[in-house]
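Thanks for asking me to look this one over. Here are my notes, point by point, for you to follow along in your viewer.

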Amino acid sequence: MDIDMSAHPAWLPPEVWQPIAGRRVRVTGDGPLIDTVRAELRAGGATLVGDGADLEFGLGGDPALGGEGFEIVRGETRTVVRAAAPHGLLHGLFALVRSAPDGRHRPAVARRMVDHWDNVDVHPVMGQVERGYAGGSLFWRAGVPRRDLGRVAAYARLLAACGVNAIALNNVNVHATEARLLTDRLAEVAELAAEFRRYGIRVHLSVSFAAPVQHGLPTADPLDDRVVHWWARVTRTVYDTLPDFGGYLVKADSEGQPGPFTYGRTHADGANLLAGALAPHGGVVHWRAFVYNHRQDWRDRSTDRARAAHDHFTPLDGAFRDNVVVQVKHGPMDFQTREPVAPLIGAMPGTRLAVELQATQEYTGQQRHVCYLAPMWSSLLLGHEGPAIAGAADEMVAVANVGDDPFWTGHPLAQANLYAYGRLAWDHTLDPGAVLDEWIGLTFPGASPALRSTLHAVMDGSWRTYERYTAPLGVGFMVRPGHHYGPDVDGYEYTPWGTYHHADRDGVGVDRTMATGTGMTGLYPEPWASTYESVADCPDELALFFHHLPYGHVLRDGTTVIQHIYDTHFAGAAEAAAMRGHWLTLEAEVPAELFGRVAERLAEQVRSAAEWRDQINAYFFRKSGVPDRHGRPIY
Ligand code: BDP
């Protein structure tokens with residue numbers, strides 16, 4: 001196996017391998033992952049030796065390190081990396097390259113997955129990659145496999161370097177062509193799986209609940225024997241080709257996808273059907289909890305989409321087979337810039353739970369805006385504003401943000417989101433600012449202190465900046481319908497999607513209290529139920545998520561709701577302009593193409609931020625009639 005380190009710009013360019021280059025390394029053990037370790041070491045400039053090594057990789061580490069953990073011990077003359085299994089050595093290698101400290105390292109959760117929303121065919125509305133902002137799919141182009149396996153190998157390597165160990169290849173919205181990946185197009189999956197396998201990454205597929213019907217059965221009823229046998233047979237064939245296949249990912253009864261409700265069955269019936277087919281082969285089914293009524297009557301204020309996943313799934317706790325993983329989006333709505341943690345997380349103690357994040361920036365600037373998401377993820381993981389995800393999640397998942405773009409992620413700085421996802425999934429307690437510095441170091445080796453600190457300054461606070469010029473106080477969905485880019489305050493207000501802000505002349509926000517609203521606050525454990533229920537205690541950032549408040553209401557930070565909207569929107573747009581100014585100082589420090597790409601995107605960000613500022617401020621000024629205390633121009 002040969003590794004081409006220079007093929008694609010990304011983090012981990014050749015210079016990063018300095019801790020390895022020139023060293024005499026002894027690797028003991030056999031097997032495909034150990035071969036990868038050896039190949040990586042050679043590519044990184046090490047000499048593999050039998051003895052006289054100053055760096056050693058070997059098995060025989062403490063079994064408590066598990067399948068992926070490792071230990072680094074740096075002695076006076078020799079560094080030793082030990083693991084209990086080959087996968088641990090691969091992680092240990094990447095850890096050494098990023099100069100991880102001595103000691104024992106183990107992942108917080110066993111599966112750390114990325115989900116691709118790649119279509120095989122180009123979808124007329126969604127394109128090749130649904131919500132993809134980084135070019136086309138790495139795997140397919142216009143219905144046929146791309147077979148750019150060198151690129152796939154480079155991607156597998158990047159994912160492994162982030163700590164990722166599972167991937168779902170295709171969109172959760174499974175169209176007819178993707179459905180065939182499971183059957184007569186399985187060879188395409190096998191070809192990709194071979195590349196990922198070398199880096200310890202298991203391949204999963206999104207499947208349609210209606211697959212049996214698409215293949216000629218009259219029903220997909222989970223309790224019908226013909227359906228049970230169909231899934232068992234198809235799954236057996238998959239494992240004949242791919243003995244290490246990870247399993248199925250399913251979006252059922254959600255936004256038009258088929259599911260068990262069609263047959264009067266529950267989501268446990270549906271998930272258990274697939275789990276039963278996968279169990280003999282050691283596979284799992286990721287069953288998404290993103291189930292809500294997308295045809296609701298917007299006039300009916302008692303129906304609350306934010307309750308839906310909780311209300312559908314908590315009654316089923318304990319009813320799922322062991323190899324079902326219920327996959328929950330981190331928030332109760334849909335990957336908005338700010339949401340509380342989903343109340344379902346932590347509410348199903350008898351069920352395996354995966355928490356899904358969105359690395360692709362659907363609602364956070366679509367990889368045209370700099371928006372480093374790790375501070376948001378970290379705060380959700382650690383429970384800064386609600387129950388902590390850490391401890392409640394058995395697995396972590398992120399919707400991928402990569403494509404065939406030369407920089408992988410469209411916006412070169414969006415690579416940091418994928419990297420940070422992998423690192424936080426491995427260790428929930430990492431500081432997002434430190435992870436950012438790690439990524440900067442791995443991507444711009446030899447960077448001057450000015451480059452490092454400027455990049456840090458541009459990126460570290462970028463999510464809060466984005467929040468300031470877009471979504472005030474926990475209000476979401478003020479975006480243009482369909483593609484979700486740019487402001488449209490009422491774009492979703494009178495639609496069936498369940499995504500409202502309820503602004504009127506007196507106030508704004510959704511009353512989700514137990515006292516007078518949808519009762520959603522009551523779905524949280526204490527102390528959070530009371531914290532959110534109380535206007536006085538609710539964190540400002542979530543004030544309008546949980547409450548409908550008058551414009552003159554004074555927030556915890558001492559400003560009124562309306563003044564907060566004005567202030568943050570002026571500040572956010574000014575911060576975006578300042579980010580651009582910082583970046584422009586770096587022209588001499590980064591490669592011209594990268595400099596140009598980021599500069600072009602920042603120019604768009606500055607334009608877009610001003611558009612957001614002007615539209616949001618004008619909208620709320622016209623609704624409320626309250627002038628800006630500082631007399632700034634609002635139209
Ligand atoms: C929404 C996206 C849509 C996805 C859906 C999902 O707009 O494209 O299919 O989530 O997660 O955010 O299934």
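1. How far does a polar side-chain atom of arginine 131 lie from an oxygen atom of the ligand? The separation is 2.8 Å. Please keep in mind throughout that this is a predicted model, so that figure, like the others below, is computed from predicted coordinates.

2. Arginine 131 deserves a second look for its backbone as well. Its phi is positive, at about 55 degrees, although the residue is not a glycine. Most residues other than glycine have a negative phi. On the chain, you will find arginine 131 in the loop that runs between strand S9 (127–129) and strand S10 (140–141).

3. Two further side chains are worth displaying beside the ligand. Glutamate 130 places a side-chain N or O atom 2.5 Å from a ligand oxygen, and for lysine 329 the corresponding distance to an oxygen atom of the ligand is 2.7 Å. The protein buries 96% of the 320 Å² that the ligand exposes when taken alone.

4. Now for the wider surroundings. The ligand has 14 residues around it, and the closest are Glu130, Lys251, Arg288, Lys329 and Glu362. Sorted by class, this shell holds 8 charged, 4 nonpolar and 2 polar residues. As for the site itself, the ligand occupies the second largest pocket.

5. Moving on to a sheet, I would suggest colouring its strands one by one. It is an open sheet of 6 strands with mixed pairing, and their order is S2-S1-S3-S5-S4-S6. At the edges are strand S2 (47–48) and strand S6 (103–105), each of which pairs on one side only.

6. Within that sheet, which sense does the pairing of strand S3 with strand S5 take, parallel or antiparallel? Strand S3 (residues 55–58) and strand S5 (residues 79–83) run in the parallel sense, joined over 4 bridges. To orient yourself here, look for glutamate 56, which stands opposite valine 80 in S5.

7. One last backbone feature to check. The peptide bond leading from glutamate 526 to proline 527 is cis, and its omega is near 10 degrees. Most peptide bonds are trans. Proline 527 belongs to the loop between strand S19 (507–508) and helix H15 (528–533).

Terms used:
Residues numbered from 1 in each chain as written. Predicted model: local features only at pLDDT ≥ 70, side-chain atom pairs only at ≥ 80, totals over all residues. Heavy atoms only, no water. Near = heavy atom within 4 Å. Polar contact = N/O pair within 3.5 Å; in protein donor to acceptor, adjacent residues only side chain to side chain. Areas by Shrake-Rupley, 256 points an atom, 1.4 Å probe, with all protein chains shown as cover. 1 Å grid on protein atoms, 1.4 Å probe; cavity = no way out; pocket = protein on both sides within 12 Å on 5 of 7 lines; lining within 4 Å. Sits in = over half its atoms within 2 Å of the grid points. Nonpolar A, V, L, I, M, F, W, Y, C, P; charged D, E, K, R; others polar. Pairing = 2+ DSSP bridges. Helix = DSSP H or I, 4+ residues; strand = E, 2+ residues; numbered from the N terminus.
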